[in-house]
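Student: I'd like a close look at a single part of this protein, taken slowly, and then a walk outward from there into the rest of the fold. Could you take me through it?

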Amino acid sequence: SGLPSHPSGIHVEDTAANRMAWHIARQTGEETVPVRLAGRLDKDTSGVLLAAKNRAAAAQLARQRKTGEYRKIYLALVWGHMGRTEGDICLPIEQIPDYPLMTRISGKGKYARTSWRVLKEEEETSLLACEIQTGRMHQIRIHLSAVGHPIVGDPLYGGLRRQEGRQDSGQRLCLHAWKLAFTHPFTREGMEVCAYRESLFRSS
């Protein structure tokens, strides 16, 4: 959390892609190593991030994203209880013209679908497993906020409104890329990567 996925106008070197390239360069002795991310994470989201080390692997992973072989499941700690054990949110999303780093639900937006399942409920919050069937900017965040259950710690979409005084929610966005499943581009072996620790959304 707090680390951008790839370089942009304001983040040139302090990114996950830069760190991956540096790590591979140390292993191989090469001066420059292109790193091609198979998907990305919002700067404040933690978890699994997959990169390809060559064009052939990147092309295969891009194809898998289109066909559904590539799957990513997130953990989201949200305010309130969902009322059901699982469901889908299908609401169109568009970027806000005057605020390009934010999105909103709009009939003019692009189709977006998020599937969710309740893993655990506490007095004020619920822990959800979420899978996005489309890859819109801030999709899980805006979808859960739109149905009245913003992610705890989300400063953009209402997740801070009841955070004051709570010692166990911390100050970060409680969204984590939990599991990633895909087919190995060359061996065709089914792969699954999982990133999880018990104190994931704790402040300590």
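Tutor: Let's start at Gly-148, which sits in the loop between helix 3 and strand 10. This is a predicted model, so keep that in mind throughout. Gly-148 comes just after helix 3 and takes a positive phi of about 90°. Is Gly-148 buried or partly exposed? With a relative accessible area of 39%, Gly-148 counts as partly exposed, because buried would need a value under 20%. In sequence, Gly-148 and Val-78 are 70 residues apart, yet their C-alpha atoms are 9.4 Å apart in space.

Step back from that glycine into helix 3 (139-146). Helix 3 is mostly covered, with 6 of its 8 residues buried. Those buried residues are Gln-139, Ile-140, Arg-141, Ile-142, His-143 and Leu-144.

Now go to the other end of the helix. His-138 is in the loop between strand 9 and helix 3, and its phi is near 60°, a positive value in a residue other than glycine. As background, most residues other than glycine have a negative phi. His-138 is also buried, at a relative accessible area of 10%. One of its contacts is Thr-103, a residue of strand 7 (residues 99-105). At 3% relative accessibility, Thr-103 counts as buried. What is Thr-103 in contact with, leaving aside its neighbours within four places in sequence? The list has Ile-93, Glu-94, Gln-95 and Ile-96, then Met-137, His-138 and Ile-142, and finally Tyr-157. Ile-142 is a residue you have just met among the buried ones of helix 3.

Leu-144, another of the buried residues of helix 3, takes us to the largest nonpolar core. That core has 26 residues, and Leu-128, Cys-130, Leu-144 and Ile-151 are the members that touch the most others. Two or more residues come from each of strand 4, strand 8 (113-121), strand 9, helix 3 and strand 10. Strand 4 gives the most, with 6 residues. As a general point, nonpolar side chains in soluble globular proteins tend to be buried together.

Leu-128 is a good place to see those elements meet. Not counting residues up to four places away in sequence, Leu-128 touches Tyr-74, Leu-75, Ala-76 and Val-78, as well as Met-82. Its other contacts are Trp-116, Arg-117, Val-118, Leu-119 and Leu-144. Notice Val-78 in there: that is the residue whose C-alpha lies 9.4 Å from that of Gly-148. There is also a second, separate core of 9 residues, which includes Val-48, Ala-52, Ala-57 and Leu-180.

Helix 3 has a part in the largest pocket too. That pocket holds about 610 Å³ of space. Of its 24 lining residues, the closest to its centre are Arg-65, Tyr-74, Ile-132, Thr-134 and Gly-135. The elements that give two or more residues to the lining are helix 2 (55-67), strand 4 (71-79), strand 9 (125-132) and helix 3. By class, the lining has 7 nonpolar, 8 polar and 9 charged residues. Tyr-74 shows up twice in this tour, as one of the residues closest to the pocket centre and as a contact of Leu-128.

For another helix with a glycine after it, look at helix 1 (residues 16-28). Its 13 residues reach 18 Å from first C-alpha to last, close to the 18 Å expected at 1.5 Å a residue. The buried residues here are Ala-16, Ala-17, Ala-21, Ile-24 and Ala-25, and they pack against strand 1 (36-37). Helix 1 is followed by Gly-29, with a positive phi near 85°.

One more positive phi is worth a look. Arg-188 has a phi near 65°, again in a residue other than glycine, and lies in the loop between strand 10 (175-183) and strand 11 (190-194). At 43% relative accessibility, Arg-188 counts as partly exposed, whereas His-138 is buried.

Zooming out, the protein has 3 helices and 11 strands, in the order α-β-β-β-α-β-β-β-β-β-β-α-β-β along the sequence. Of its 204 residues, 42% are buried. Among contacts between residues at least 6 apart in sequence, 58% join residues at least 24 apart.

How values were computed
Residues are numbered from 1 along each chain as its sequence is written. This is a predicted model: local features need pLDDT of at least 70, side-chain atom pairs count only at pLDDT 80 or more; totals for chains, interfaces and linings use all residues. Side-chain values use heavy atoms; hydrogens and water are left out. On a 1 Å grid over the protein atoms alone, a cavity is a set of points where a 1.4 Å probe fits but cannot get out, and a pocket is an open set with protein on both sides within 12 Å along at least five of seven lines; lining residues have an atom within 4 Å of a point. Grid points are joined across faces, edges and corners, and a volume is the space filled by probe spheres set on the points. Helices (H or I, at least four residues) and strands (E, at least two) are DSSP runs, numbered from the N terminus. Ala, Val, Leu, Ile, Met, Phe, Trp, Tyr, Cys and Pro count as nonpolar, Asp, Glu, Lys and Arg as charged, and the others, Gly among them, as polar. Buried means under 20% relative accessible area, exposed over 50%, partly exposed in between (1.4 Å probe, protein chains only). Contact means heavy atoms within 4.5 Å. The expected span of a helix is 1.5 Å times one less than its number of residues. A nonpolar core is a set of buried Ala, Val, Leu, Ile, Met, Phe, Trp, Tyr and Cys residues joined through side-chain atoms within 4.5 Å.
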